Amino acid sequence: MSFQTNFTPVALKDANLFKPIKVGAMELDHRVVMAPLTRMRALHPNHIPNEELTPLYYDQRSKAPGTLIITEATFISAQAGGYDNAPGIWSEEQVAVWKKIFAKIHGNNSFVFVQLWNLGRQAIPSAMARDGLRYDSASDDLYIDEETKKAAFDAGIKQHGITKSEIKQYIAEYVHAAKNSIEAGADGVEIHSANSYILNQFLDPISNHRTDEYGGSIENRARFSLEVVDALINAIGAERVGIRFSPFGKYGGMSGSDDPQVYELYSYLLDQLESRAQFGNRLAYVHLMEPRVTNASLEEGQGEDLEHSNDFAYEHWKGLIIRSGNFAINPDITKRVVDDRTLIAYGRYFISTPDLPHRLAEGLPLNKYDRPTFYAPSAVGYTDYPTYEEALKLGWKA
């Protein structure tokens, strides 16, 4: 382990990034948000968070008072899953561990939203077949790529375009997971409608070839996401709900900027959210992936889309916006985009740098991250990254 040296840190303590802000009912001390980060430490077969490691992991990263933590993506049900070591929040056993995690975060005077996840066709086909579950998406047999199609064929399972009754069942499972999150002590939930998972699969014409009221037009393709929004508003209140989009993302075979209607689609979604806000149901925030990160599996600087911008969102949605995507290595961009209603979510460098808010404020070097341990099932690369003071004691040179 060592400090990152490929960019020069800038002290941001006097920038808007470190001005307090109210998000929903939460009074944040600053606008540095921990992005949702899949880490694959949960226990198989029951998707229970790792009680030994995960409370410590979140405790380490919530030490700066008034920090908003968005948890790793968390399955709303077994049917919504498909990765063995990702956590869920539908069962009592899962909720029992989440309670301990949330208590650690709140013990640091910080806050937490749970990101609610449904994989759809991003699930591993063999895992779904093994567990007797469907392999779901918006449309039948419309696979991510030939490799995924072969994996499904080899597993003896076909991609299934979910029925309207199955859509309703998923919405009920989002509600159940949201209520479980609040009962476990979370401050709210984030709907994952980005990065090629099932809600994004409905939004994108490349993966949605339906001919019913959930396919075809922009209004129809947006229907599932908005029905989830409305159900969660009714269940736990708008100020406890956020939603994440990746308009320009291409991960998982999504269209991104190749869709000529991409701005029209997301403008419609944001207009719909704003119309709900005008009737007293303003969401806590909208979370947008930056076009600088079209595929989160790539290294920083790879796959950048520099021709497009999320700036359009501010014209349609008048609430708070969290932006995420390579801001840690671009402090000048951070200073430019953080206005009175913008927060910044940090991902990979929050993995490697548990005291990230402190280092961003003071312009201190960040820890290098170790990509091979992002999804490794141990404490290595999870809870063993040092704070700045610990790193200096270890002999690291800035």
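In the predicted model, the side chains of Lys150 and Asp154 are joined by a salt bridge, with an N to O distance of 2.7 Å. Both residues belong to helix H4 (residues 146-155), where they stand 4 residues apart, about one turn of the helix. Lys150 is exposed, at 51% relative accessibility, and Asp154 is likewise exposed, with a relative accessible area of 51%. This pair is one of 16 salt bridges in the structure.

A salt bridge also forms between Asp84 and Arg130, whose closest N and O atoms are 2.7 Å apart. Asp84 is located in the loop between strand S5 (74-75) and helix H2 (92-107), while Arg130 belongs to helix H3 (residues 125-130), so the pair ties together parts that are 46 residues apart in sequence. Asp84 is partly exposed, its relative accessible area being 24%. Arg130 is also partly exposed, with a value of 45%. The pairing extends to a further residue, as Asp84, Arg130 and Asp131 are linked in a network of salt bridges.

Another salt bridge connects Arg210 with Asp212, the closest N and O atoms lying 2.8 Å apart. Arg210 has a relative accessible area of 12%; this value is under 20%, and the residue therefore counts as buried. In general, side chains of opposite charge can pair when their charged atoms come close. Over the whole chain there are 40 positive and 52 negative charges, and the mean positions of the two sets are 3 Å apart.

With respect to overall architecture, the chain comprises 14 helices and 13 strands. Its radius of gyration is 20 Å, close to the 21 Å given by the globule rule for 398 residues, so the chain is as compact as a globular protein of that length. Along the principal axes, the C-alpha atoms fill a box of roughly 60 × 45 × 40 Å. Of the 398 residues, 61% are buried. Among contacts with a separation of 6 or more, 72% are between residues 24 or more positions apart. The accessible surface of the chain amounts to about 15500 Å², and carbon and sulfur atoms account for 50% of this area.

Two loop residues illustrate contacts beyond the sequence neighbourhood. Thr383 is situated in the loop between helix H13 (356-362) and helix H14 (388-393). The residue is buried, with a relative accessible area of 14%. When residues up to four places away in sequence are not counted, Thr383 touches Leu53, Leu56, Tyr57 and Gln60.

Leu142 occupies the loop between strand S7 (135-137) and H4, the helix that also contains Lys150 and Asp154. With neighbours within four places in sequence left aside, the contacts of Leu142 are Arg121, Gln159, Ile206, Ser207, Asn208 and His209. A separation of 27 Å is found between the C-alpha atoms of Leu142 and Arg292, two residues that are 150 residues apart along the chain.

Key:
Residues are numbered from 1 along each chain as its sequence is written. This is a predicted model: local features need pLDDT of at least 70, side-chain atom pairs count only at pLDDT 80 or more; totals for chains, interfaces and linings use all residues. Side-chain values use heavy atoms; hydrogens and water are left out. A salt bridge is a side-chain nitrogen of Lys or Arg within 4 Å of a carboxyl oxygen of Asp or Glu. Helices (H or I, at least four residues) and strands (E, at least two) are DSSP runs, numbered from the N terminus. Buried means under 20% relative accessible area, exposed over 50%, partly exposed in between (1.4 Å probe, protein chains only). The radius of gyration is taken over C-alpha atoms; the globule rule is 2.2 Å times the number of residues to the power 0.38. Contact means heavy atoms within 4.5 Å. Accessible areas come from the Shrake-Rupley method with a 1.4 Å probe; for residues, only the protein chains shown count as cover. Lys and Arg count as positive and Asp and Glu as negative; His and the chain ends are not counted. The place of a charge is taken as NZ of Lys, CZ of Arg, CG of Asp or CD of Glu.
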